[in-house]
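Open the model in your viewer and keep the selection tool ready. This tour goes stop by stop, saying what to select and what is there.

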Amino acid sequence: VMVPIGEKCHCNFSHVPVAAGIAGATKQCHIWCNSIVTVPERYLVGTAWGRITPDLVVEVQNALGDFLELY
């Protein structure tokens, strides 16, 4: 499962803040919960990646639940 992380927050409702040093982030970023996808690892060659903490997993689950309730 690929959880995209970027510097900009386009939606406080579906983007979870990530502190620098967590999940491979080098600065304050956000998890874009509305863009999570499952892809084979071979497609991630050349991209930076890390693992999110169990606390962030819960925050992502909550954000996804809230996001999906909109639709």
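**Stop 1: the helix and its partners**

Select helix 1 together with strand 2 (15-18) and strand 3 (29-32): the buried residues of helix 1 pack against these two strands. Before going on, note that this is a predicted model, in which local features need pLDDT of at least 70, side-chain atom pairs count only at pLDDT 80 or more, and totals for chains, interfaces and linings use all residues. Residues are numbered from 1 along each chain as its sequence is written, and side-chain values use heavy atoms, with hydrogens and water left out.

Some terms come first. Helices (H or I, at least four residues) and strands (E, at least two) are DSSP runs, numbered from the N terminus. Buried means under 20% relative accessible area, exposed over 50%, and partly exposed in between (1.4 Å probe, protein chains only). Contact, or touching, means heavy atoms within 4.5 Å.

Now select residues 54-70. This is helix 1, with 17 residues. From first C-alpha to last, helix 1 reaches 25 Å, close to the 24 Å expected at 1.5 Å a residue. The expected span is 1.5 Å times one less than the number of residues.

Which residues of helix 1 are buried? Pick Leu56, Val60, Ala63 and Phe67. They lie on the same side of helix 1, because they cover an arc of only 65 degrees around the axis. That arc is taken from the directions between the helix axis and the C-beta atoms.

Turn the view to the face away from the buried side. There you find the exposed residues Pro54, Asp55, Gln61, Leu68 and Glu69.

Finish at Leu70, also in helix 1. Leu70 counts as exposed, at 52% relative accessibility. Draw a distance from its C-alpha to that of Ile5: the two are separated by 22 Å and are 65 residues apart along the chain.

**Stop 2: the sheet**

Select the three strands. They form an open sheet in the order 1-3-2, with antiparallel pairing. Strand 1 (5-6) and strand 2 stand at the edges, each with a single partner strand, so one side of each is left without a neighbour in the sheet. Two strands pair if DSSP finds at least two bridges between them.

Strand 1 and strand 3 pair over two bridges. Look for Ile5 opposite Ile31, then Gly6 opposite His30. Strand 2 and strand 3 pair over four bridges. There, His15 stands opposite Trp32.

**Stop 3: two histidines**

Select His15 in strand 2. Is His15 buried or exposed? It is buried, with a relative accessible area of 7%. A polar atom of its side chain lies 3.2 Å from the backbone nitrogen of His10. A polar contact is a pair of N or O atoms within 3.5 Å; within protein, one must be able to donate a hydrogen and the other to accept it, and residues adjacent in sequence count only if both atoms are side-chain atoms. Not counting residues up to four places away in sequence, His15 touches several residues, among them His30, Trp32 and Asn34.

Move to His30 in strand 3. His30 is buried too, at 13% relative accessibility. Here the backbone oxygen of Glu7 lies 3.5 Å from a polar atom of the His30 side chain. Beyond four places away in sequence, the residues that His30 touches include Pro4, Glu7, His15 and Val18.

**Stop 4: the core**

Which residues make up the largest nonpolar core? Select Val16, Val18, Ala25, Cys29, Ile31, Cys33, Leu56, Val60 and Ala63, nine residues. Strand 2, strand 3 and helix 1 each supply at least two residues of this core. Helix 1 gives the largest share, three residues. A nonpolar core is a set of buried Ala, Val, Leu, Ile, Met, Phe, Trp, Tyr and Cys residues joined through side-chain atoms within 4.5 Å.

Zoom in on Val16 in strand 2. Val16 is buried, at 4% relative accessibility. Leaving out residues up to four places away in sequence, it touches Cys29, His30, Ile31, Cys33, Leu56, Glu59, Val60 and Ala63. For a long distance line, join the C-alpha atoms of Val16 and Tyr43: they are 24 Å apart, with their positions 27 residues apart along the chain.

Last, select Ala25. With the same sequence limit of four places, Ala25 touches Val18, Ala19 and Ala20.
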